Every structure is written in C-alpha cells, then in structure tokens.
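Biologist: I would like a close look at one helix in this model, the second along the chain, and then at how the rest of the fold is arranged. Please state each cut-off as you use it.

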Amino acid sequence: MNRPTPKHTAPDLQFPLLDGNQWNLADQKPDNFTLVVFYRGLHCPICKKYLQQLQELLPQFQQRGVNVVAVSMDTEKRARLSRQKWELPNLTLGYELSESTARDWALYLSAGVKDGEPSEFSEPGLFLIDNNNQVYYSSINSNPWGRPYLPSFVKAVDYIITADYPARGEML
C-alpha cells in the first residue's frame, strides 16, 4: 500500500472550504508547516472535542508558523453544522473530501453502521507537511481515539524548529 511518506512529496490535496474558497495544499506557503487534520465528521463526538481543542490552540500554531486546516468527507451542510454546533468559527474547515483522495492519504475508510453516520467516511489522520510540500509527520488512525495529543504536538513543533530535527521514517 502506498502511503504519504516523510521526506517525500505529499499527495495532492484539494477540497472546498466553508468560506467559499478552494483549498489546495500545493498553494500553501507556511513559514514552517501546514497541519492537516482529517476528521470523521459531524457524527463523531470525539472529533468535536479534538477540533475544539485544535481551535483553542490555533494562536499557538500560528505563532510557530503552522497553517492549520481540518477536513472530512462530510457534505457542505454537515460541515456547516459542525462549525455551528461545535463552535468552530476560526478553524479553516473543508468538506467533501473524496474517497480517492482519502485513499491517496492512506486513511482508513468506514461504512456507517449507526444512525447519524454517513454511508462512508474516513477515519482520522493528522499530517505535518513542511514548507517544501513534503511530509514531515503522519498519524493515521483506524478509530476515533489514539490521535496525537495537540498540546504536546505544539511543543513538538517547538522542538522540531529549534533543534532543526529532521523528518524520520523516510525509508520505503
């Protein structure tokens, strides 16, 4: 299985944003990194808490030159409900991630089995992409739990920058 690999160019990633714009990873010009958070969607209470914490930490990521975006396979309507119900006014939020793009990023896919779940959705993933559009770090989950703890991740970014720590895991 191909997967996003550190020190290699990140797969293409484009999707619509709730502000009406189109987001494209190739267009990002962060000072240091782009943090891409794939979340399951409106049906996931663990995603709600994770994205709320992410929003709280946005200023800290921004101070470190990290652009942040979150995206799911949800429809625009469901993504708007997430923004509203979860109180995420400042988080850049995308929607309609395609199944093929989810597969390109090696995300696990699940079939909906409970009321309120879409028929298909991606499981969580978190990727740190450097300013040369190469994968620096990846975390892919097959369930909603076990994601990187975001406050520690902010500290990890500090260490990466100050120690000029290289990406690891590049051997295919």
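**Helix H2 and what lies around it**

Modeller: H2 is followed by Glu 87, whose phi is positive, near 55 degrees. Helices (H or I, at least four residues) and strands (E, at least two) are here DSSP runs, numbered from the N terminus. Before going further, please keep in mind that this is a predicted model, in which local features need pLDDT of at least 70 and side-chain atom pairs count only at pLDDT 80 or more, while totals for chains, interfaces and linings use all residues. Residues are numbered from 1 along each chain as its sequence is written, and side-chain values use heavy atoms, with hydrogens and water left out.

Within H2, which spans residues 76-85, Arg 78, Ala 79 and Ser 82 are buried, where buried means under 20% relative accessible area, exposed over 50%, and partly exposed in between (1.4 Å probe, protein chains only). Seen down the axis of H2, these buried residues fall within an arc of 100 degrees, so they line one face of the helix; the arc is that of the directions from the helix axis to the C-beta atoms. As general background, an α-helix has 3.6 residues a turn, so residues three or four places apart point the same way. On the other side of H2, Lys 77 and Gln 84 are exposed, whereas the buried residues of H2 pack against strand E5, residues 93-94.

The loop between E4 and H2 holds Thr 75, which is partly exposed, with a relative accessible area of 39%. Once neighbours within four places in sequence are left aside, Thr 75 is in contact (heavy atoms within 4.5 Å) with Tyr 95 and Glu 96. Between the C-alpha atoms of Thr 75 and Ser 100, which are 25 residues apart along the chain, the separation is 16 Å.

Glu 87 invites a look at two further positive phi values. Lys 7 has a phi near 70 degrees, a positive value in a residue other than glycine; Lys 7 lies in the segment before strand E1, residues 14-16, and counts as partly exposed at 37% relative accessibility. Asp 164 also carries a positive phi, near 50 degrees, and is likewise a residue other than glycine. Asp 164 belongs to the segment after H4 and is exposed, with a relative accessible area of 66%.

Turning from the helix to the interior, the largest nonpolar core has 32 residues, and those with the most contacts inside it are Leu 35, Leu 51, Leu 54, Phe 61, Leu 91 and Leu 128. Such a core is a set of buried Ala, Val, Leu, Ile, Met, Phe, Trp, Tyr and Cys residues joined through side-chain atoms within 4.5 Å. At least two residues of this core come from each of strand E3 (33-38), H1, strand E4 (66-71), strand E8 (125-130) and helix H4 (150-163), and H1 gives the most, with seven residues. One of the most connected members, Leu 54, touches Leu 35, Val 37, Phe 61, Val 68, Leu 91 and Leu 150, not counting residues up to four places away in sequence. Apart from this core lies another, of 18 residues, among them Leu 25, Leu 97, Ala 102 and Leu 107.

Helix H4 contains Phe 153, which counts as buried at 9% relative accessibility. Beyond neighbours within four places in sequence, Phe 153 is in contact with Leu 35, Phe 61, Leu 126, Leu 128, Tyr 137 and Pro 148. Phe 153 and Phe 61 are 92 residues apart in sequence, and their C-alpha atoms are 9.4 Å apart in space.

Helix H1, residues 45-63, includes Ile 46, which is partly exposed, with a relative accessible area of 36%. Again leaving aside neighbours within four places in sequence, Ile 46 is in contact with Pro 144, Trp 145 and Arg 147. From Ile 46 to Pro 144 the C-alpha to C-alpha distance is 6.5 Å, although the two are 98 residues apart in sequence. Two cysteines can be added to this picture: Cys 44 counts as buried at 1% relative accessibility, and Cys 47 counts as buried at 0%.
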